[in-house]
Amino acid sequence: MNSTTKSVLQLVLIAMFTALTTVVTWFIQIPNPATGGYVNIGDSIIFASAILLGPIPGFVVGGLGSCLADICSGYAHWALPTFIIKGIEGFICGMLAYKIFRTEKKNYVKLTFLALASILSAIVMVTGYFFANLAMGGIGKAVSSIIPNICQGALSFAISIAFISALLKTKVFNGYLNIGLTPQKQNLVVTPYEKSNANSDDNNNDDSNNDNTTTN
C-alpha cells in the first residue's frame, strides 16, 4: 500500500469514526439534570478510533464527533468544553496505543496496556468535565458530574476493549487498520496456504534460473 492510498484510507476512516461518534453520542444518551448534560457511550468509539489510527485522528474523532453531537442534541453550551476534553481524551489514548504497538509483541500484553490506556483516558475525561462543571456551575454541579462520568467511562471502556480484543485476533487488524499506529514494517499473518504458495513460487524461480544457466 503506497503512501497516497494510506492517506486516503486514513481520511476515510477518520471521517467514518467521527460520524459514528456523533451518531452514537447523539442517539444513545441519558440526560443528567444535575449537570445540564448527559451520559453516553460515545467514548467507546473514541477509544477504538484512537487505538486503531493514532493520536491525531483520535483527537479529531473525539473532539469533532462529540462536539457535533452536543450541538445536534441541543447542548451547544457544552460544545467547546467537549471539543477540548474529548479531543485530549482521544489524543492521549492514541499516543499511548502508538507506544504500545511499537514496543509490545504479544496480543495479551497489548490488550492489557491498551486497557490501561483507555482507563487513563477516561480519567482525563472525568477530570476535564469536573473542572468544566466547576467553571460553569459551581462545586455542587462539578461533584454531581463525577459518578455519571465514571459510569460513562467504564461502560465505554468495556465496549471498546471487547471490540479491540476481537480485532487483535484477526488478520485485518494486524496488517490493515493499524496504518496510523506505527511506521514499522507490518507483521502480516501468513497462512499455511500462502506460505506453501510462496515456497512453490521460489522453487519455480530457482528451476528457471537453473535452466537459464544450463542453456548458457
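**Notes on the predicted model**

1. In this predicted model, Phe59 has a relative accessible area of 30%, and because that value falls between the limits of 20% and 50%, the residue is classed as partly exposed. Phe83 receives the same class, partly exposed, on the strength of a relative accessible area of 29%.

2. There are 5 aromatic pairs in the structure, and one of them joins Phe59 to Phe83 in an edge-to-face arrangement, with 5.6 Å from centre to centre and 85° between the planes. This pair links distant parts of the chain, since Phe59 sits in helix H3 (residues 55-73) while Phe83 belongs to helix H4, with their positions 24 residues apart in the numbering. The edge-to-face label follows because the angle of 85° is over the cut-off of 60 degrees.

3. Helix H4 also carries Ile84, which counts as partly exposed because its relative accessibility is 43% and thus lies between 20% and 50%. The C-alpha atoms of Ile84 and Cys67 are 8.9 Å apart in space, and the two residues are 17 residues apart in sequence.

4. As for charged pairs, the structure holds 1 salt bridge, in which the side chains of Asp43 and Lys86 meet at 3.6 Å, taken from N to O. The two partners come from distant parts of the chain, with Asp43 in helix H2 (residues 42-53) and Lys86 in helix H4 (residues 79-103), 43 residues apart. Both Asp43 and Lys86 are buried, so each has a relative accessible area under 20%. In general terms, side chains of opposite charge can pair when their charged atoms come close.

5. Turning to the interior, the largest nonpolar core comprises 23 residues, and those with the most contacts inside it are Phe17, Ile51, Leu52, Leu53, Leu114 and Ile164. Two or more residues of this core are given by each of helix H1 (3-27), H2, H4, H5 and helix H7 (146-168), and the element that gives the most is H2, with 6 residues. A second, separate core has 9 residues, among them Tyr38, Ala69, Trp78 and Tyr129.

6. Leu114 deserves a separate entry: leaving aside residues up to four places away in sequence, Leu114 touches Ile51, Ala97, Ile100, Phe101, Ile161 and Ile164. Of these partners, Ile51 and Ile164 are also named, together with Leu114 itself, among the residues with the most contacts inside the largest nonpolar core.

7. On the surface, Phe113, Leu116, Ile119, Leu120 and Ile123 make a nonpolar patch of about 430 Å². Ile123 has its place in helix H5 (residues 107-137), and it is partly exposed because its relative accessible area of 46% lies between 20% and 50%. That value of 46% is over the 30% that a patch residue needs, so Ile123 satisfies the accessibility condition for membership.

8. For the chain as a whole, there are 9 helices and 2 strands, and the order along the sequence is α-β-β-α-α-α-α-α-α-α-α. Of its 216 residues, 44% count as buried, while the area that the protein chain exposes is about 11300 Å², with carbon and sulfur atoms supplying 68% of it. Among contacts with a separation of 6 or more, 72% are made by residues 24 or more positions apart.

Terms used
Residues numbered from 1 in each chain as written. Predicted model: local features only at pLDDT ≥ 70, side-chain atom pairs only at ≥ 80, totals over all residues. Heavy atoms only, no water. Patch = residues over 30% accessible without salt bridge, like charges linked within 9 Å, V, L, I, M, F, W, Y side chains within 5 Å. Areas by Shrake-Rupley, 256 points an atom, 1.4 Å probe, with all protein chains shown as cover. Salt bridge = Lys/Arg side-chain N within 4 Å of Asp/Glu carboxyl O. Helix = DSSP H or I, 4+ residues; strand = E, 2+ residues; numbered from the N terminus. Buried < 20%, exposed > 50% of the residue type's maximum accessible area, 1.4 Å probe, protein only. Contact = heavy atoms within 4.5 Å. Phe/Tyr/Trp six-rings, centres within 6.5 Å; stacked < 30°, edge-to-face > 60°. Core = buried A, V, L, I, M, F, W, Y, C linked by side-chain atoms within 4.5 Å.
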